[in-house]
Number of protein chains: 2
Amino acid sequence: MKIDGVPYQSIWRGADGSVRVIDQSRLPFEFATVELARVEDAARAISSMMVRGAPLIGATAAYGLALGVREDPSDTAIESAAAMLAGTRPTAHNLAWALSRMRGTLVGVPLSARAEAAFSEAAAICAEDVEQCRAIGVHGASILRRLALAAPGRPLNILTHCNAGWLACVDWGTALAPVYRAHDDGIPVHVWVDETRPRNQGASLTAFELAAHGVAHTVIADNLGGHLMQRGRVDVAIVGSDRTTASGDVCNKIGTYLKALAAYDNGVPFYAALPLSTIDWSITRGEQIPIEQRPESELTHVTGQIETGGLATVRVVPIASRALNLAFDVTPARLVTGLITERGICEASVQGLRQLYPGLGSAG
Amino acid sequence: MKIDGVPYQSIWRGADGSVRVIDQSRLPFEFATVELARVEDAARAISSMMVRGAPLIGATAAYGLALGVREDPSDTAIESAAAMLAGTRPTAHNLAWALSRMRGTLVGVPLSARAEAAFSEAAAICAEDVEQCRAIGVHGASILRRLALAAPGRPLNILTHCNAGWLACVDWGTALAPVYRAHDDGIPVHVWVDETRPRNQGASLTAFELAAHGVAHTVIADNLGGHLMQRGRVDVAIVGSDRTTASGDVCNKIGTYLKALAAYDNGVPFYAALPLSTIDWSITRGEQIPIEQRPESELTHVTGQIETGGLATVRVVPIASRALNLAFDVTPARLVTGLITERGICEASVQGLRQLYPGLGSAG
């Protein structure tokens, strides 16, 4: 998608072969790109959340492994690079998925050819992600088009939580892909952007990318969505997913469950948009998904822009108080109207997913 | 309640007759008391949220009117002082209630005696509030005592939203009164404190007063409560109310409805604690309650403490993005396990409230 008219992806290889990403921890106030030179840089970029979002984590891990292989293509080195990358974020299923795919590709490849094979596979993972997100956009936009027909003369109000836009993927996004597609197709849309505490990915990243692409939006406190649904001001909610069980339970950014409850209570359709790589066929109950606990400081401190333009960090919780920062929750399939995938839209259930992914669904 | 061992109330008259409040907009990092010298000071203290919380707003408006009367006891001046105070916050029912009671008291009182009568009535409103909150604490603690028996060997986990503690009232609090009473009675309690965006009253005020009184607590993002309930980590939720309909719908800080949905979905008891003055007998449907829209800046900017100790304000939303800041939502009575009032605990319904307030309930 575009920033100030310039097309960008969230991770790319420069003409000199370097791997570059956008430092998302400095958005929306500073736009900077950073080179990942070694596998350690990629691991740090993921764990520090310079890059985040399930698909982009997978893509960064893939390029990270390629960077490691370029340095040392031995099996031992690959093993240790993969372990380092796998340990960065426990919840995102794409991380394990991308690493396993990368390692599978390198099996039996002579040492001298491994670096090229690894970079080529990482590029393929990125290209597939772009294509999957594009397809999610097409399928999801069909829902928005239908809902817009029922709301003539005003923009369609879409609520989203966290950032599942192109910054979370390589391009297009998952939850936002249908929004971009609908917007580009001339359907008037307006997005309610959940701030998404504690890391404010909605206020900082979703708002940034929607503004950069020219999509109408309003930032709201995470507390507001339920009230807006009660008052008929939300036509549809679309979120991403960091891991989806074979039964359609959706693990996503903390607070997603609360919005799903409100949508259900008010008859507002609630969709999760996700690519195949997000589905964990080995798990059928959301409670089995490990929930990442992140540092208290993400909640106790807030970083933003001071009036003179620089960034500052302020403490918002008394020093005498502790904080608990769990990053994800699980929305049970019963609250999910449907899953929007690159293959189409399905019910959030074992049956629904099996219909879209016959081979994989039954393998679980 | 106590701060560093010193007993405080949230509003009081000094020995010299001055009216003083705690500047809550500077908590938790700066503790300062401020004199309200004129009715304009009281109005500004309410609208700027130097004082907040439904009962304290009522108490401050009462003293504000007394300050106005001291300056000019004429009917015209009282009319205009009351109008100024009534316009400060549209949702809190206590505001209108306190002003109407104050004006009723002054009817027929000779001009020369009005100031004394007004101060005396304001003091009576405060004293009654303290007694009501104390009684709410006693009734609510009986619920906590019963729940604690079912959870032996560990602290009882209570979730609260926003600040309905003693800082929101004159003393004790509404939602927190049962917590303080239980704590003082030796029942081990632990409070999950919702941060409460956008103004962070949970992180700044609830955490502050619980810490000052020595009650175990953990600050959490507003997004976390649903997940904690799913995992059995919340035994009961207690919130305050800014206005309660005659049918038991609870209007409270934005986001309360989402927690009530999660509590209902997980079988967690959900109570609202409130004094008589919060009940609006003229309204039977929550949708009829006007919802205050506050400045965007409360969401787009965050104030906190910088490392060197001073306060700073940082922008957390891109300049290109708009924000919407509605301060309250309505939790339908069907999601409320019960109302804890100064007269006891009742069902959130017309029948429940009528049983506790026979004369008033039938007047609606």
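Helices (H or I, at least four residues) and strands (E, at least two) are DSSP runs, numbered from the N terminus. This is a predicted model: local features need pLDDT of at least 70, side-chain atom pairs count only at pLDDT 80 or more, and totals for chains, interfaces and linings use all residues. Residues are numbered from 1 along each chain as its sequence is written, chains are lettered from A and ligands numbered from 1 in the order in which they are written, and side-chain values use heavy atoms, with hydrogens and water left out.

**Exercise 1. Backbone exceptions**

Task: Locate B:Met49 and give its phi.

Solution.
- Start with the background: most residues other than glycine have a negative phi, and most peptide bonds are trans.
- B:Met49 is not a glycine, yet its phi is positive, about 65°.
- B:Met49 sits in the loop between helix H1 (39-47) and helix H2 (54-71) of chain B.
- Now the peptide bonds. A:Arg197 and A:Pro198 are joined by a cis bond, with omega about 5°.
- A:Pro198 belongs to the loop between S7 and H7 of chain A.
- B:Leu27 and B:Pro28 are also linked by a cis bond, omega about 5°.
- B:Pro28 falls in the loop between strand S4 (19-22) and strand S5 (33-36) of chain B.

**Exercise 2. Symmetry of the pair**

Task: Find which rotation superposes chain A on chain B.

Solution.
- Two copies of a chain are related by a rotation about an axis and a shift along it.
- Superpose by least squares on the C-alpha atoms of residues with pLDDT of at least 70 in both copies.
- The result is a rotation of 180° with 0.0 Å of shift along the axis, at RMSD 0.0 Å.
- That is the relation of a two-fold axis.
- In chain A, the C-alpha of A:Leu258 is nearest the axis, 2.9 Å from it.
- Of the interface residues of chain A, 100% are also interface residues in chain B, so the copies meet through the same surface.

**Exercise 3. Size and makeup of the interface**

Task: State how many residues each chain gives to the contact, and how much area is buried.

Solution.
- Contact means heavy atoms within 4.5 Å. Chain A gives 66 residues and chain B gives 66 residues.
- Buried area is the accessible area (1.4 Å probe) lost when two parts are put together, summed over both.
- Here it is about 4,700 Å², with 60% from carbon and sulfur atoms.
- On the chain A side, A:Asn223, A:Leu258 and A:Leu324 lose the most area to chain B, together 15% of what that side buries.

**Exercise 4. Polar links and strand pairing**

Task: Count the salt bridges across the interface, then find the bridge partner of A:Leu324.

Solution.
- A salt bridge needs a side-chain nitrogen of Lys or Arg within 4 Å of a carboxyl oxygen of Asp or Glu.
- The rule finds 46 over all chains, and four across the interface of chain A and chain B.
- One of the salt bridges links B:Asp265 with A:Arg334 (3.0 Å, N to O).
- Another salt bridge links B:Glu195 with A:Arg197 (2.4 Å, N to O).
- That pair crosses between chains; B:Glu195 lies in the loop between strand S7 (189-194) and helix H7 (201-213) of chain B.
- Two strands pair if DSSP finds at least two bridges between them.
- S16(A) and strand S8 (residues 216-220) of chain B run parallel, joined by three bridges.
- In S8(B), B:Ile220 is the bridge partner of A:Leu324.
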